[in-house]
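Please look through the structure shown here, with attention to the ligand, its surroundings and the sheet.

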Amino acid sequence: MASGARDSYLVIGGSGFLGRHIVEALQARGDVVSVFDIVQRYHDVPFFGGDISEEDQVADALQKSNATAIIHTASPPAGLSDPALYWKVNVDGTKAVIAAAQRVGVKKLVYTSSAGVVFNGEDIIDVDERVGFPEKAMDAYNESKAKAERAVLEANGQNGLLTVALRPAGIFGPGDRQVMAGMVEVYKRNQTHFQIGDNSNLFDWTYVGNVAHAHLLAADRLTETLNGTLNLEKVQEEIKT
Ligand code: NAD
């Protein structure tokens, strides 16, 4: 991390699979961390119960935790047939997080988006983050994640807030309650023969610890941006190696 006072983090969705790994990674490097979530699963960090679609609840947690940085990982799980819930939490909720952050004077917001925001069911090969959103999203989950990501990035530099969004693809590792659990259920039913596409399709998976690490690096880069010490050439060299 660059010079200056260390941040105090509020991990929104910090009771979840990825959020918990982010909390542990922050603890491991000695950062101050609190959690905001609708459910409490751990008792080793200050916990603020609430719903991100309630701006006042988020602002209250930010104030009480003295947060200077937010890592926002909260979302309903993918695959629900409930477009209204996705809209309420991911779109309105993320806008409420932005508004609360700006109201309280938080300097940094890291948002967990999804690789699915650019996927509409067609193969995507050799693209990077410059590829645009599809005209028609894959489903309500991905549409809401895209809208939330856009709101986060549009808020960058507004009212003293710096923002960044990350787009993980599939995440695996300890604590996962969705992906592997589903596969094990199918396996237990003896449904062991899978074929995706013509059997040559590829899909990206990233270990949860690496996704958590990426969030910490993104937060640190925002600090360097704030301090005026961000060296983009050095970052590009690091990415190549
Ligand atoms: P998760 O369900 O384990 O964690 C999400 C957390 O958000 C939960 O603890 C939940 O209680 C909380 N939450 C949900 N609604 C809330 C609300 N209204 N207010 C406050 N908290 C709320 O999910 P995860 O797998 O850890 O995913 C974390 C993030 O990563 C999500 O934003 C998801 O879209 C994104 N993502 C996940 C994957 C993956 O493979 N798991 C892939 C790409 C992107």
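An oxygen atom of the ligand sits 3.3 Å from an N or O atom in the side chain of Arg177. Like everything described here, this distance comes from a predicted model. Two further short distances involve the protein backbone: a backbone N or O atom of Phe17 is 2.9 Å from an oxygen atom of the ligand, and for a backbone N or O atom of Leu18 the distance to an oxygen atom of the ligand is 2.8 Å. On its own the ligand has 830 Å² of accessible area, of which the protein covers 89%.

The shell around the ligand can be described by its members. There are 27 residues around the ligand, and those that come nearest are Leu18, Asp37, Tyr141, Lys145 and Ala169. By type, the shell splits into 11 nonpolar, 11 polar and five charged residues. Helix α1 (17–28), helix α4 (140–154) and strand β7 (170–172) each contribute at least two residues to this shell.

Next comes the sheet. Six strands form an open sheet in the order β3-β2-β1-β4-β5-β6, and their pairing is parallel. At the edges are β3 (47–49) and β6 (162–166), each of which pairs on one side only. From one strand to the next, the twist averages 20°.

One strand pair can be followed at residue level. Strand β1, residues 8–12, pairs with strand β2, residues 32–37, in the parallel sense over five bridges. Ser8 has Val32 in β2 as its bridge partner. Packed on the sheet is helix α6 (residues 208–227), which touches β1, β4 (69–72), β5 (108–112) and β6. The direction of α6 makes about 150° with that of β5.

The edge strand β6 offers a last point to inspect. Ala165 lies in this strand. Which residues is Ala165 in contact with, leaving aside its neighbours within four places in sequence? They are Tyr111, Ser113, Glu149 and Leu153. Tyr111 is 54 residues from Ala165 along the chain, yet the C-alpha atoms of the two are separated by 4.6 Å.

Technical notes:
Residues numbered from 1 in each chain as written. Predicted model: local features only at pLDDT ≥ 70, side-chain atom pairs only at ≥ 80, totals over all residues. Heavy atoms only, no water. Pairing = 2+ DSSP bridges. Helix = DSSP H or I, 4+ residues; strand = E, 2+ residues; numbered from the N terminus. Axes fitted to C-alpha atoms, helices over the stretch in contact; angles between N-to-C directions. Contact = heavy atoms within 4.5 Å. Near = heavy atom within 4 Å. Polar contact = N/O pair within 3.5 Å; in protein donor to acceptor, adjacent residues only side chain to side chain. Areas by Shrake-Rupley, 256 points an atom, 1.4 Å probe, with all protein chains shown as cover. Nonpolar A, V, L, I, M, F, W, Y, C, P; charged D, E, K, R; others polar.
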